[in-house]
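Me: I would like to go through a structure with you slowly, one question at a time. Please show it first, and then we can begin.

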Amino acid sequence: MKLNHGKFDFKINNDHGKDKLNHAYFVLSKTEFPTLQILQDELFKRSEISWEKDPISILIDSNLLEIEIDANEKIALINGSKLNVQNSEMVKLSKEVRKRYKQKIMPDEEVGNWSVSENLKIAQRYPASLLTINYLNRILDDPIMAAGLQQLTHGSLDTINNLITDLKTYQLPKGSLDELLKNQELVNNRYQLKDGIPFPEIMISNVKNEQFNIKDVLKQTDYVVVDFWATWCKPCLAQHPEFERIALGSKKNIKFIGISVDKQIDTWNSHLNNHPFKYDNFWFGDDSENILKNSLGLNSFPTYMIIESNSGKVIRTGFTIDKLEELLAALE
């Protein structure tokens, strides 16, 4: 339809329930498309208009919606609709994510993790929302399709689990919530870090490129605290000063080490040359054979573990660095 003084009316003649999300899209164009099929064909041709940049999404959550469309930003602003306020925030973020992927200003995995983190911040502001349930189901069901990630970080999973706890206190459609709880259980089982099991006998390398068994490190002390990290992992790098502070002030019978999972040993070595640590660091390399994943449930970074040297078993894992000193204080 043509705009009349910048305005138009539209009607949807179906009765839409409120137990699922109902989307509508607007496309602004200087060309008139007399039928929906012609419009769709033009969108897929990607000549004048395209699916990637032109459709403006709204959610139908009222019998009467007053919509203001920003033609430059390609977003819809709707008064009195929390769902659409949330939707516009997520659409704006999605455009920024695509921009970062395209500009290559950071590694793709970093962009994906940043995208999840920012989307979860939005979701936390709208815990009683179907849109939040929809996003959580997508990210739990298939992280690679939702954010381009092979797996979620444990920090993101903690945020998701806390958010789902909040969601359960609201009156939300049972079907959608049941699907979310099912996905939550499947993902938590898949990502669960394992306590009380032997640490695998992995071979690690030092800065001199000398290779030896992790058992050689365990023999040196009563307990070993391991920080699994990589140079491409910004959260890992951000927490190194705190890990080092705790390491330098800890008991003598506790040894702190870092184990890098960088693909190339030269990348790790170069980082250590520019950012030397005051505790031992080793290189394990890319876990292509899934030794750490299958034996320890290690899927994301940073991940901290405490190993009891005498038994060679992991006694604590899956904790954040702010809990480390408390856990160490409880050791004999």
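Me: Which two cysteines form a disulfide, and how far apart are their sulfur atoms?
Reply: This is a predicted model, in which local features need pLDDT of at least 70 and side-chain atom pairs count only at pLDDT 80 or more, while totals for chains, interfaces and linings use all residues. Residues are numbered from 1 along each chain as its sequence is written, and side-chain values use heavy atoms, with hydrogens and water left out. A disulfide is a pair of cysteine sulfur atoms within 2.5 Å, and the structure holds one. The pair is Cys233 and Cys236, with their sulfur atoms 2.3 Å apart.

Me: Are Cys233 and Cys236 buried or exposed?
Reply: Accessibility is judged with a 1.4 Å probe and protein chains only, where buried means under 20% relative accessible area, exposed means over 50%, and partly exposed lies in between. By that rule, Cys233 and Cys236 are both buried.

Me: What is the handedness of the disulfide between Cys233 and Cys236?
Reply: Handedness is read here from the torsion about the S-S bond, which for Cys233 and Cys236 is about 80 degrees. With that torsion, the disulfide is therefore right-handed.

Me: Which residue of helix H3 does Lys234 reach by a salt bridge?
Reply: Side chains of opposite charge can pair when their charged atoms come close, and a salt bridge is counted when a side-chain nitrogen of Lys or Arg is within 4 Å of a carboxyl oxygen of Asp or Glu. Helices (H or I, at least four residues) and strands (E, at least two) are DSSP runs numbered from the N terminus. Lys234 lies in helix H9 (residues 234-248) and its partner in helix H3 (residues 108-125), so the pair ties together parts that are 124 residues apart in sequence. The closest N and O atoms are 3.8 Å apart, and the partner is Glu110.

Me: Which residue of this pair is buried, Lys234 or Glu110?
Reply: Lys234 has a relative accessible area of 52%, which makes Lys234 exposed. At 15% relative accessibility, the buried residue is Glu110.

Me: How many residues apart are Arg245 and Glu325?
Reply: The side chains of Arg245 and Glu325 meet in a salt bridge, with N and O 3.0 Å apart. Arg245 belongs to helix H9 and Glu325 to helix H12 (residues 324-329), so that this pair links distant parts of the chain. Their separation is 80 residues.

Me: How many salt bridges does the rule give?
Reply: One of them joins Lys2 and Glu32, with N and O 3.7 Å apart. Bridges that share partners also join Lys53, Asp54 and Lys74 into one network. The count comes to 13.

Me: Why is strand E10 described as largely enclosed?
Reply: Strand E10 covers residues 303-308, of which five of the six are buried. The strand is largely enclosed because those residues are buried, and what encloses E10 is the rest of the structure.

Me: Over how many bridges does E10 pair with strand E11?
Reply: Two strands pair if DSSP finds at least two bridges between them. Strand E7 (residues 223-229) pairs with E10 in the antiparallel sense over six bridges, with Val226 standing opposite Met305. On E11 (residues 313-317), which also pairs with E10 in the antiparallel sense, Arg316 stands opposite Ile306. The number of bridges between E10 and E11 is four.
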